[in-house]
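Visitor: Could you take me through one part of this model, step by step, with the reasoning behind each answer?

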Amino acid sequence: MPLASIVPLSDGRSLGYDDVGDPHGVPVLFVHGAPDSRRARHPDDGVAGDLGVRLVAVDRPGAGLSTPNPSGTLGSFADDTIALADALGIEAWRTFGWSAGGPYALAVAARHPQRVRRVAVAAGLVPFEAYATPGILDDADGGRHLVADLGAELGAAGMAELAAPMLAPFPCDPALAREHVLQGADAGRLADLESVPGAVDALAAGVLDAVAHGLAGLTRDLELQVEAPDVDWAAVTCPVDLWYGERDTTSPPAFGRWWAGELRWGELTVVPGAGHLVALTHWEAILTRLVARADG
């Protein structure tokens, strides 16, 4: 099991992370989804080690070991990750964001272009403004439509207050977290979970960590899914690998096409038969491309 660590930040908050894989390998910053934490990643860290990857999985504010940041933004999270890089002696990241973590992984590259060599986004969400794109939600599930509709009707704070209790059980325990991961899973998602031994336990740990400080972190995450980002996507100058599952309804391939059109250099891969768990089911392929093409 990896030894969890904490780095103190200049404003008194703490940032939690796991530092696993090859300690001398290519540094990759993994940014989790929501409700998730640093522990909601591929359960076999040996994969990263075998690929020559030093994987640093970070808790966003309010998740796991990281202190909540009620006024946090995409940009402030990006600044936090540079403080983490400095503390670890890392010159530049390759960032890897899954689902709700996708915009955060891109934000690091937008805010600190000299400190990011390449980005991988797996099943990444899009900014709220993108929901106005004709047809982008045609293949999306009810959850995405709920965020789009409530965000427009109630604004960021109203939507988040209503949605946060629906996304993660609180109070929570390991059994309840595991039940939450499996609840409502269709045959395709169950097959994906079974194909990655330990995936259910990893995702359950993420759910448990997501409410470690109550619902504050998740609520702020949801607010930021509606608020206008404080970073400029045009400032992302490095290559970006966009990975989307063909049958994903949480982040459908249309989201990947939106990002491909928005970013200076975004390469879209739609994985046949894959769902929202594409980050887990195609973990090795994503990391391989991220580090093999690290210098563009």
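Visitor: Which unit do β5, α3 and β6 make?

Guide: In this predicted model, the strands β5 (residues 93–98) and β6 (residues 116–122) pair in the parallel sense over six bridges, and Phe96 stands opposite Ala120 in β6. Helix α3 spans residues 102–111. Taken together, β5, α3 and β6 make a β-α-β unit that is right-handed.

Visitor: Is Gly102 buried or exposed?

Guide: Gly102 lies in helix α3, and its relative accessible area is 1%. The cut-off for the buried class is under 20%. Because its value of 1% falls under that cut-off, Gly102 is classed as buried.

Visitor: Which residues is Gly102 in contact with, leaving aside its neighbours within four places in sequence?

Guide: One of these residues is Val121, which is 19 residues apart from Gly102 in sequence, while the two are 5.2 Å apart in space, C-alpha to C-alpha. With the neighbours within four places in sequence set aside, the contacts of Gly102 are Gly97, Val121 and Gly124.

Visitor: How many of the seven residues of β6 are buried?

Guide: Strand β6 pairs with β5 over six bridges, and four bridges join β6 to strand β8 (residues 240–245), again in parallel. Strand β6 is mostly covered, and the number of its seven residues that are buried is six.

Visitor: Which residue in β8 does Ala120 stand opposite?

Guide: Ala120 belongs to β6 and has Phe96 opposite it. Strand β6 is also joined to β8, which runs parallel to it, and there the residue opposite Ala120 is Asp241.

How values were computed. Residues numbered from 1 in each chain as written. Predicted model: local features only at pLDDT ≥ 70, side-chain atom pairs only at ≥ 80, totals over all residues. Heavy atoms only, no water. Helix = DSSP H or I, 4+ residues; strand = E, 2+ residues; numbered from the N terminus. Buried < 20%, exposed > 50% of the residue type's maximum accessible area, 1.4 Å probe, protein only. Contact = heavy atoms within 4.5 Å. Pairing = 2+ DSSP bridges. Right-handed = clockwise from strand over helix to strand, strands pointing away.
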